[in-house]
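The exercises below are meant to be worked with the sequence and the model side by side. Each task is followed by a solution that goes step by step.

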Amino acid sequence: MTATDTTTNDGTTNDGTTNDPGPIGERDRFDSLDPASGEVVGTHPVHSAADVAAAVARARTAATSWAALDFDGRAPLLRAWKALVTHRADELADLVHAETGKPHGDAMLEIVLAVDHLAWAGGHAEKVLRRRRVSPGLLMANHAATLEYLPLGVIGVIGPWNYPVFTPMGSIAYALAAGNAVVFKPSEHTPGVGEWLAEAAAEAIGIPGLFEVVTGFGATGGALVTARVDKIAFTGSTATAKKIMAAAADTLTPVLIECGGKDAMVVDADADVAAAADAATWGALSNAGQTCVGVERAYVHTDVYDAFVEKVVAQASEVDAGSGPDADIGPITMPGQLEVIRSHIADALARGGRALIGGADAVDDRYARPTVLVDVPEDALANTDETFGPTLTIARVRDMDEAVTKANASRYGLGATVFSKARGPELARRLRSGMTAVNSVISFAGIPSLPFGGVGDSGFGRIHGADGLREFTRAKAVARQRMPAPLNLTTFSRGPRTDRAVKALVGILHGRGPKRA
Ligand code: NDP
C-alpha cells in the first residue's frame, strides 16, 4: 500500500472492494490513515506469527529482570515513563488526532487520564500485591500463613482504536506495575500510537523487550493469542472476543475481556434536568460516540421528560462534526462503522422512531452527525446493539422501576448513569453494570482506584484499581508450620481420639447458629 492508494484503514477500498491483507507474512507493510482526509499518517510492519513469537521471547527475558527489580526498583522507572509521556503529551495528542480524527483536546484528555492511571498503578502496586500475613484460623493456629500476588510473566494486550492511549494503558500500566512484561498489538487503525508508547517506555525504563509492540491486522492479534503468553487482555467487539477465547482455550491461556456496551442513563423526577441533559449530550456524542461507556440510551421520568428532551436537542444541535480546530467531534475512525450507525438509525426510523435532530442523512462517507431519537421500540437495533456513533435514544418512563427494568434488559452490562437527587446510590446498585456514575457521566473511568469492566456481553475481568493490578498476577499462598500441632490432621498416625477431639472442637467453633423460625 502506498500514499496514493485509495485504501481505507479497515482494508476496504473506496470503490467498495476488499483489500484483504492475506495471510500474515505475504504483505510486510501497511499504512495508518487519517480518517478525516484519508492521508497516510505512518507505515508499519505487518508482523508475522514468527515476529510475534520473537517479541514474546524477548519479553519473556525482560520479564525475569523486571520481576527481580521488585516494587522498589520498578516504581521509579514507571515514574520516569510517566514523566516522559507527560512532557511529550502534545506530540502524542497530535498522533492520536491524526490516527483517530478526534479533536486535539479530547486526545489530550485521554492522555491525562492514562498518565493518572499509570501513576496510581506504579504507586499502589506494592501496597496491593506485596506479601502479607493472613490469619491461619483456630484449626491451623500452629501455622503462619502468607499471601502475595506474583507477576504472571508476559501479558499480551490487544487494543482498540477509539481510545488508543487510555484503554490499552488500563492493561499495560497495571500489568507492568504488577511486574510483568507486555507485548501489545494495537488496532490496525492506531499502530503509530502503540509504537509511540513503547518507544517512550524503552527510553524511560531502558529494559529491552519489556514493552514490545507488534503491528498488523487481526491475524497478528491472533498470533499473539496463541503465542503462549501468560494472559491476554483484549478490548474490542464481543464477536472478536469469542474468537479469542476459543483460540486461547487451546493453550489454556487466561483472558481478560473488555467489550462494548449499550449503556443507559436513567433520570429520576427529582433530577437536576439541566445537568442530566448536559451529561447525556456529552456522554452520547463526545468522541463521536465511539466510547465503550458512552451513553446510548436514556430512560427519563415522565415528569421531566419534555424538559430533558428539549435541553438535549438544544445542546446536541450545537455539536459540530469536523476536522477543524473548532470541531466538537471528529470523523468516524473505522470506515466500516459508518454503515452500522446508518443502519441503526434507519431501523429506528422504519419502526416508528422519530429523529429530533440528525436522522437518515446524518451519516456521510466520513462523518456521523449527532442524532437524537425518540419513540424507538425497545427491540430496535438502536436500543439493543452497540451503535458506537453519535446517537442517543430517549424514552419516557412512568417511574424508576420501569427505567431500571428497561436499562437492564440488555445482553451488555458495562457502564451506566443515574441522575437523581434522593435515590442515586440505590438506583446505581440496581443497574446491571460494572460501573455506574451518579449525577455525573463516565466519571468512574477517571478514578484510578475504581475497577473497570463489565458483565454479560460486555466481558469479564477488571482493569484499573486494586482488582486491575491483581488481574495480572497469580495469588501465591504459603502455609508455614511454626510448631507441632496439638491435633495433627495430616498424618496416617491420626487416631480416633484426634478425630473425636476435632469433631468436638468444630462443634464448639461452628456448631451454633440462629435456628430457623
Ligand atoms: P475488533 O474486536 O474487531 O478489534 C479489536 C482488536 O482486536 C483490534 O486490535 C483488532 O486488530 C484485533 N483483532 C481482530 N481480530 C482478531 C483476532 N481474530 N484475533 C486477535 N485479535 C484480533 O473491533 P473493531 O475495531 O473491528 O470494532 C468493531 C466493533 O467493536 C465496534 O463497532 C464497537 O462496537 C466494538 N468496539 C468496542 C470497543 C470498546 O472500547 N469496548 C473498542 C473497539 C471496538 P485489527 O484492528 O488489526 O483488526
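Accessible areas are obtained by the Shrake-Rupley method with a 1.4 Å probe, and for residues only the protein chains shown count as cover. The model is a predicted one, in which local features need pLDDT of at least 70 and side-chain atom pairs count only at pLDDT 80 or more, while totals for chains, interfaces and linings use all residues. Residues are numbered from 1 along each chain as its sequence is written, and side-chain values use heavy atoms, with hydrogens and water left out.

**Exercise 1. Describe the protein as a whole, from its surface to its charges.**

Step 1. The accessible surface of the protein comes to about 22200 Å², and carbon and sulfur atoms account for 54% of it. Of the 517 residues, 52% are buried, where buried means under 20% relative accessible area, exposed means over 50%, and partly exposed lies in between (1.4 Å probe, protein chains only).

Step 2. Taken along the principal axes, the box filled by the C-alpha atoms is roughly 85 × 65 × 40 Å. The radius of gyration, taken over C-alpha atoms, can be set against a globule rule of 2.2 Å times the number of residues to the power 0.38. For 517 residues a compact globule would have a value near 24 Å, and the protein, with 26 Å, agrees with this.

Step 3. The secondary structure consists of 15 helices and 20 strands, which are DSSP runs numbered from the N terminus (helices H or I, at least four residues; strands E, at least two). Among contacts with a separation of 6 or more, 70% are between residues 24 or more positions apart, contact meaning heavy atoms within 4.5 Å.

Step 4. The mean position of the 49 positive charges lies 17 Å from that of the 60 negative charges. In this count Lys and Arg are positive and Asp and Glu negative, with His and the chain ends not counted, and the place of a charge is NZ of Lys, CZ of Arg, CG of Asp or CD of Glu.

**Exercise 2. Which parts of the chain does the salt bridge between Glu-471 and Lys-231 tie together?**

Step 1. A salt bridge is a side-chain nitrogen of Lys or Arg within 4 Å of a carboxyl oxygen of Asp or Glu, and by this rule the count is 19.

Step 2. Glu-471 pairs with Lys-231 in one of these bridges, with the closest N and O atoms 2.8 Å apart. Because Glu-471 lies in the loop between α14 (465–470) and β20 (473–481) and Lys-231 in strand β8 (residues 231–235), the pair ties together parts that are 240 residues apart in sequence.

Step 3. Glu-471 and Lys-231 are both buried.

**Exercise 3. Trace the salt bridges of Arg-430 and the surroundings of Asn-408.**

Step 1. Arg-430 forms a salt bridge with Asp-401, the closest N and O atoms being 2.8 Å apart. Asp-401 belongs to helix α12 and Arg-430 to helix α13 (residues 424–430), so the pair joins parts that are 29 residues apart in sequence.

Step 2. Arg-430 also meets Glu-426 in a salt bridge (3.4 Å, N to O); both residues lie in helix α13, four residues apart, which is about one turn of the helix.

Step 3. Asp-401 has a relative accessible area of 41% and is partly exposed, as is Arg-430 at 33% and Glu-426 at 38%. A network of salt bridges links Asp-401, Arg-423, Glu-426 and Arg-430.

Step 4. Asn-408 is found in helix α12 (residues 400–408) and is partly exposed, with a relative accessible area of 23%. Leaving aside its neighbours within four places in sequence, Asn-408 is in contact with Arg-430, Leu-431 and Arg-432.

**Exercise 4. Where do Asp-70 and Asn-439 lie, and what is the sign of phi for Asp-70 and Asn-439?**

Step 1. Most residues other than glycine have a negative phi.

Step 2. Asp-70, which is not a glycine, has a positive phi of about 65°; Asp-70 lies in helix α1 (residues 49–87) and is partly exposed at 43% relative accessibility.

Step 3. Asn-439, also not a glycine, has a positive phi of about 60°. Asn-439 has its place in the loop between β17 (435–438) and β18 (455–456), and at 40% relative accessibility Asn-439 counts as partly exposed.
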